[in-house]
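Visitor: I would like to learn how to read helix packing, burial and confidence from a set of coordinates. Could we take the features in turn, with the general idea before the particular case?

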Amino acid sequence: MTTPGSDALRPAVRVATSERSPVSLILEGINELLSRRRLIRYMVSANMKRTHVDTVLGQIWWVLDPLLQMAIYVVLIEIILNRGTPDYPLFIFAAILPWKWLSISLGTSTGSITGREGLIRQVQFPKIVLPAAGVLTGTVSFAISLIALGLMYVLYADRLSPWLLLIPLVAVVQFAFSIGLGFILAAVNTFYRDVQNILGHILRLWFYASPGLWSFQENLQDSPLRPLLMLNPMAPILESYRSLIYGTTEGIHTGPDFFGLGVVFLFSIGLILVGILLFKRMEPAFAKVV
Amino acid sequence: MTVDPKQPAFEEPPMSDSELEAAARDDEPEESELDRRRHEIYPEGQPAVRIRNLGIRYNLRLTRRNTLKQSLASMVRRGDEVKQTHFWAIRNLDLDIEHGDNLGVIGPNGAGKSTLLLSLAGILAPSEGSVEMFGGTSTLLTIGAGFDGDLTGRDNIDLAGAFLGIPHQDMARITPDIIEFADIGPFIDAPLRTYSTGMRARLGFSIATSVIPDILLLDEVLGTGDQTFRSKSQARIRELIQTAKAVVVVTHDLGYVTEFCNRAILVERGGIVAQGKPADIVTEYRDRVREQKLIAENQAKRFASGVPG
């Protein structure tokens with residue numbers, strides 16, 4: 001036995017949350033995320049170890065999964081519906097990878113509080129690390145699935161371009177957007193568990209409404225829906241990935257939509273702040289509800 | 001719980017005779033052993049815990065059925081002064097816990113004892129008022145909470161340490177002790193889902209008790225695993241109780257309270273209704289229980305004979 005200087009074991013003053021200002025709550029949330037990096041890291045690695053454990057192909061699934069998903073869309077759209085664009089497999093692959101990241105992130109973070117009932121009722125720790133670990137799990141799996149992208153370029157070598165180096169930039173915007181949304185979903189799902197039931201359906205509809213299987217340039221040049229669909233924060237993100245990975249249909253790379261990304265990034269910063277505040281406001285009730 | 005006559009039961013004194021005498025003489029003017037230890041480390045007058053006007057409120061619309069049911073049950077008992085949408089598990093509670101205190105918390109089910117303990121642990125935040133802890137706390141509630149079946153025992157120890165906020169270096173130092181105490185042999189590197197219930201419980205206990213808190217919070221006295229491990233675990237709890245600067249025990253074991261606590265509080269309907277020497281409080285509690293039982297019996301009789309209340 002020992003008496004280590006743990007931060008959970010330090011003296012503490014606790015007062016009612018309603019007596020605290022939004023700024024102090026947000027700062028506390030950010031501080032908790034930074035000071036509990038090791039916990040987040042352990043949780044991400046636990047999540048990664050848990051996925052695909054006990055399968056014959058094991059970690060290969062990280063690469064195989066997006067490839068199979070792509071194959072299904074290719075069969076559906078290019079072969080059955082006969083509506084593909086040139087090099088269609090790469091065209092949709094550029095959207096499947098980030099979308100998988102988004103759906104893992106949101107799915108894992110949404111259930112992150114409700115899935116840890118025992119812990120929340122018995123141990124005092126900053127709950128905000130849970131959705132953060134969920135989004136980071138998605139991020140790591142995205143990084144691994146880039147191997148699959150490498151395999152795709154064996155077939156489409158002529159579409160390789162130096163613009164690929166800007167993928168991390170787009171990824172930062174997507175990360176900010178999904179972690180902000182993750183905080184909100186995790187908190188709300190604790191009180192209304194309907195969220196995790198409906199999320200899968202919303203994600204699917206959202207994907208079809210985003211430029212994933214189609215693009216604004218190819219399919220919606222003069223559609224009246226265009227301005228509406230452009231409001232989707234994932235639209236500039238997916239279009240940017242595509243411009244880096246695939247280029248235009250003619251194979252010309254023009255670079256990402258910097259303006260669109262900038263707007264989404266600013267919006268995401270706001271979303272993160274609102275998300276942390278909402279989460280910290282609801283946090284005291286988690287142990288009473290789960 | 002079967003008691004092996006050869007093994008010392010937990011009801012045996014956790015303190016040496018001299019310390020026990022010292023605790024018994026606690027209210028006498030001359031300085032006892034416990035007092036001396038207390039005053040050496042802490043300045044006169046500063047408590048270990050200071051609770052002021054504490055209120056813990058549950059929102060009934062948001063709580064799930066099982067809690068809701070319990071809450072409603074207590075609400076019926078509480079009468080009409082409570083609004084339908086909220087339920088105060090604790091209200092207007094003031095309490096100071098001094099260094100060296102071994103405080104027994106007793107009271108009927110649903111009185112708010114566990115809620116009080118959870119708020120001391122920081123798991124439940126105050127809806128009203130404040131809780132000040134002048135020292136670190138840890139609960140022994142954490143047996144196996146948050147274990148991950150797909151991870152190895154060793155990974156789970158790391159994860160638990162990170163959840164408890166124990167720094168990495170400290171964790172590296174105490175991990176061998178945790179593994180040795182849990183006594184699960186080579187299984188430590190196997191996934192947790194391959195463990196037996198006993199092995200899981202031993203590992204959980206070993207982790208939960210690997211850190212000595214300033215203020216030890218106990219919800220009932222723990223019995224884990226087989227005979228051998230139980231006596232080992234009871235010895236360790238005794239060690240924790242002796243080392244901690246203050247102990248709070250929530251229990252239905254009134255014998256334990258009179259024997260080992262130096263102070264007791266009686267909690268009823270979310271507030272402290274009596275506090276003082278354990279023997280007095282236990283008597284008071286027994287009287288109240290008897291009184292309520294009589295009232296209930298009378299009501300039942302009236303009901304059975306068809307005479308309205």
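Guide: Let us begin with packing: two packed helices are described by the angle between their axes and the distance between the axes. In this predicted model, the axes of helix 3 (residues 61-80) of chain A and helix 6 (residues 129-155) of chain A come within 8 Å and cross at roughly 70°.

Visitor: What does an angle of roughly 70° make helix 3 of chain A with respect to helix 6 of chain A?

Guide: Angles of 65 to 115 degrees count as roughly perpendicular, and therefore helix 3 of chain A is roughly perpendicular to helix 6 of chain A. The crossing of helix 3 of chain A past helix 6 of chain A is right-handed. On the side of helix 3 of chain A, the contact is made by Trp62(A), Val63(A), Pro66(A) and Leu67(A), which meet Ser141(A), Ile144(A), Ser145(A), Ile147(A) and Ala148(A) of helix 6 of chain A.

Visitor: Which residues make the contact between helix 6 of chain B and helix 7 of chain B, and at what angle do these two helices pack?

Guide: Helix 6 of chain B packs on helix 7 of chain B at about 140°, and their axes are 8 Å apart. Because angles over 145 degrees would be needed for roughly antiparallel, helix 6 of chain B counts as oblique to helix 7 of chain B. This crossing is right-handed, and the contact is made by Ile178(B), Phe181(B) and Ala182(B) of helix 6 of chain B with Arg202(B), Leu203(B), Ser206(B) and Ile207(B) of helix 7 of chain B.

Visitor: Is the crossing of helix 7 of chain A and helix 12 of chain A left-handed or right-handed?

Guide: The crossing of helix 7 of chain A and helix 12 (residues 258-289) of chain A is left-handed. The axes of these two helices lie 7 Å apart, at an angle of about 25°, and helix 7 of chain A is therefore roughly parallel to helix 12 of chain A.

Visitor: Turning to burial, is Pro168(A) buried or exposed?

Guide: Burial is read by counting neighbours, and a residue is exposed if 12 or fewer other C-beta atoms lie within 10 Å of its own. Pro168(A), found in helix 7 of chain A, is exposed because 10 other C-beta atoms lie within 10 Å. The C-alpha atoms of Pro168(A) and Tyr241(A) are 9.9 Å apart, although 73 residues separate them along the chain.

Visitor: Why is Ile157(B) described as buried?

Guide: The cut-off for a buried residue is 20 or more such neighbours, and Ile157(B) is buried because 22 other C-beta atoms lie within 10 Å. Ile157(B) sits in helix 5 (residues 153-164) of chain B and, beyond its neighbours within four places in sequence, is in contact with Thr175(B), Ile178(B) and Ile207(B). The C-alpha atom of Ile157(B) is 9.6 Å from that of Ile188(B), a residue 31 positions away along the chain.

Visitor: How many of the twelve residues of helix 5 of chain B are buried, and what covers them?

Guide: Ten of the twelve residues are buried, so helix 5 of chain B is largely enclosed by the rest of the structure. Its buried residues are covered by elements including helix 2 (37-50) and helix 5 (117-122) of chain A, together with helix 6 (168-182) and helix 7 (197-208) of chain B. The end C-alpha atoms of helix 5 of chain B are 16 Å apart, which agrees with the 16 Å that its twelve residues should span at 1.5 Å a residue. Just after this helix, Gly165(B) takes a positive phi of about 80°.

Visitor: Which residues of helix 2 of chain A are buried, and what do they pack against?

Guide: In helix 2 of chain A, Leu39(A), Ile40(A), Tyr42(A), Met43(A), Val44(A) and Asn47(A) are buried, and they pack against helix 4 (88-110) and helix 6 of chain A as well as helix 5 of chain B. Just after helix 2 of chain A, His52(A) takes a positive phi of about 65°.

Visitor: Finally, where in chain A does pLDDT stay under 50?

Guide: Where pLDDT is low, the predicted coordinates should not be read in detail. In chain A, pLDDT stays under 50 over residues 1-8, whereas the chain averages 88 and 93% of its residues score at least 70. Confidence in chain A is lowest in strand 1 (residues 12-15), at a mean of 74, and highest in helix 7 (residues 167-191), at 95.

Technical notes. Residues are numbered from 1 along each chain as its sequence is written. Chains are lettered from A and ligands numbered from 1 in the order in which they are written. This is a predicted model: local features need pLDDT of at least 70, side-chain atom pairs count only at pLDDT 80 or more; totals for chains, interfaces and linings use all residues. pLDDT is the predictor's confidence in each residue, from 0 to 100. Helices (H or I, at least four residues) and strands (E, at least two) are DSSP runs, numbered from the N terminus. Two residues are in contact if their C-beta atoms, placed from the backbone, lie within 7 Å. The expected span of a helix is 1.5 Å times one less than its number of residues. Axes are lines fitted to C-alpha atoms, for helices over the stretch in contact, and angles run from 0 to 180 degrees between N-to-C directions. Angles under 35 degrees count as roughly parallel, over 145 as roughly antiparallel, 65 to 115 as roughly perpendicular and the rest as oblique. A crossing is left-handed if the near helix is turned anticlockwise from the far one by less than a right angle, and right-handed if clockwise.
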